[in-house]
Amino acid sequence: MNIDERAESAIQTINELQTQLVELTRTAQNNNDTDTGFERLKRWKERAIRKLSESVNNTEGNKLKSKRKMSFRMGDPIGNLVDEAQMYEGFLIALAHEISEHPEDILNRPTPTKLDQTETLSVPPPSGKAIFIVHGHDELNLYRLKELLRERYSLDPIVLSSEPGKGRSIIEKFEDEAQRAAFAFVLLTPDDLITQDDAEYSQARPNVIFELGWFYGRLGRERVCILYKKGTKIHSDLDGVSRIEFTGSIIDKISEIENELIAVNLLSR
């Protein structure tokens with residue numbers, strides 16, 4: 001197959017992936033079904049990475065794999081899905097244009113070594129053993145989690161209130177300390193009593209939700225674990241997001257907490 005035929009085939013693959021992306025996004029919007037929409041988007045991305053690696057090259061497949069949405073809209077889960085899909089669509093449009101204009105540069109790129117593939121990632125994987133704990137008013141479970149991470153697993157828990165101020169504002173202190181974290185646990189506990197339309201419910205503190213969104217953007221969802229205390233109202237943004245549920249003590253969920261840390265190589269089996 002000559003270079004023009006390869007370019008035509010690659011662009012056709014990209015156009016098919018773009019059509020699939022637009023279709024699943026429109027379906028999620030029409031049905032207002034965020035859970036299914038995000039699951040379909042995740043599967044689309046896995047398929048798109050494989051197809052780009054096969055039809056273009058491994059470098060472009062790895063570029064798509066490393067794409068991560070750095071924004072987080074509060075109260076708008078469909079908006080979050082659309083933002084992520086549009087980011088992928090922009091990548092595909094730009095790639096198709098590059099192949100059309102400079103097919104030799106893209107399609108004749110040598111297959112990278114494993115080191116080269118790592119270097120193509122736009123966000124390097126976090127390193128170290130620092131674990132940030134986002135929390136509200138449940139001081140007892142905060143203490144339990146902090147001691148569990150430090151004493152049982154020899155990890156380095158970061159609790160913002162325990163860190164020195166160094167003359168920083170609260171947001172400066174949070175950003176400075178959070179940058180060190182390779183993983184974040186978020187304690188969602190029923191701290192604020194809300195009355196709305198003659199109904200009452202309890203939800204997490206606003207700072208907890210803000211910091212959760214910050215870590216989603218910084219680390220990605222795979223490195224953020226929600227520890228959800230039953231009785232806490234879940235914000236619509238978080239519907240369908242996996243979480244560890246507990247009733248009284250997070251110690252009852254040690255095995256599930258361990259599994260999350262093992263999955264990102266912070267613990268070994």
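The following exchange between a student and a tutor works through a predicted model of one protein chain.

Student: How many helices and strands are there in the protein chain?
Tutor: This is a predicted model in which local features need pLDDT of at least 70 and side-chain atom pairs count only at pLDDT 80 or more, while totals for chains, interfaces and linings use all residues. Residues are numbered from 1 along each chain as its sequence is written, and side-chain values use heavy atoms, with hydrogens and water left out. Helices (H or I, at least four residues) and strands (E, at least two) are DSSP runs numbered from the N terminus, and on that basis the chain has 10 helices and 7 strands.

Student: What percentage of the 269 residues count as buried?
Tutor: Buried means under 20% relative accessible area, exposed means over 50%, and partly exposed lies in between, with a 1.4 Å probe and protein chains only. Of the 269 residues of the protein chain, the buried portion is 44%.

Student: At what angle do helix H1 and helix H2 pack, and are they roughly parallel or antiparallel?
Tutor: Axes are lines fitted to C-alpha atoms, for helices over the stretch in contact, and angles run from 0 to 180 degrees between N-to-C directions. Helix H1 (residues 3–31) and helix H2 (residues 34–55) have axes 10 Å apart and pack at an angle of about 175°. Angles under 35 degrees count as roughly parallel, over 145 as roughly antiparallel, 65 to 115 as roughly perpendicular and the rest as oblique, so the pair at about 175° is roughly antiparallel.

Student: Which residues of H2 make the contact with H1?
Tutor: Contact means heavy atoms within 4.5 Å, and on the H1 side the residues include Leu17, Leu21 and Leu24. The residues of H2 are Gly37, Arg40, Leu41, Trp44, Arg47, Ala48, Lys51, Leu52 and Ser55.

Student: How is the aromatic pair of Phe132 and Phe215 classed?
Tutor: Rings of Phe, Tyr and Trp (its six-membered ring) pair if their centres lie within 6.5 Å, and planes under 30 degrees apart count as stacked, over 60 as edge-to-face and the rest as tilted. A search of the whole structure finds 8 aromatic pairs; in this one the centres are 5.1 Å apart with 45° between the planes, which makes the pair tilted.

Student: How many residues apart are Phe132 and Phe215?
Tutor: Phe132 is buried at 1% relative accessibility, and Phe215 is buried at 0%. Phe132 belongs to strand S1 (residues 130–134) and Phe215 to helix H9 (residues 206–219), so that the pair links distant parts of the chain, and the separation is 83 residues.

Student: Why is the pair of Trp214 and Phe215 edge-to-face?
Tutor: Both Trp214 and Phe215 are buried, and they belong to one aromatic cluster with Phe132, Phe174 and Phe210. The ring centres of Trp214 and Phe215 lie 5.1 Å apart, and the pair is edge-to-face because the planes stand at 85°.

Student: Where does Asp198 lie, and is this residue buried or exposed?
Tutor: Most residues other than glycine have a negative phi. Asp198 has a positive phi, near 65°, and lies in the loop between strand S4 (192–196) and strand S5 (199–203). At 84% relative accessibility, Asp198 counts as exposed.

Student: What is the phi of Lys166?
Tutor: Lys166 sits in the loop between strand S2 (156–158) and helix H8 (170–178), and its relative accessible area of 64% makes it exposed. Although Lys166 is not a glycine, its phi is positive, at about 55°.
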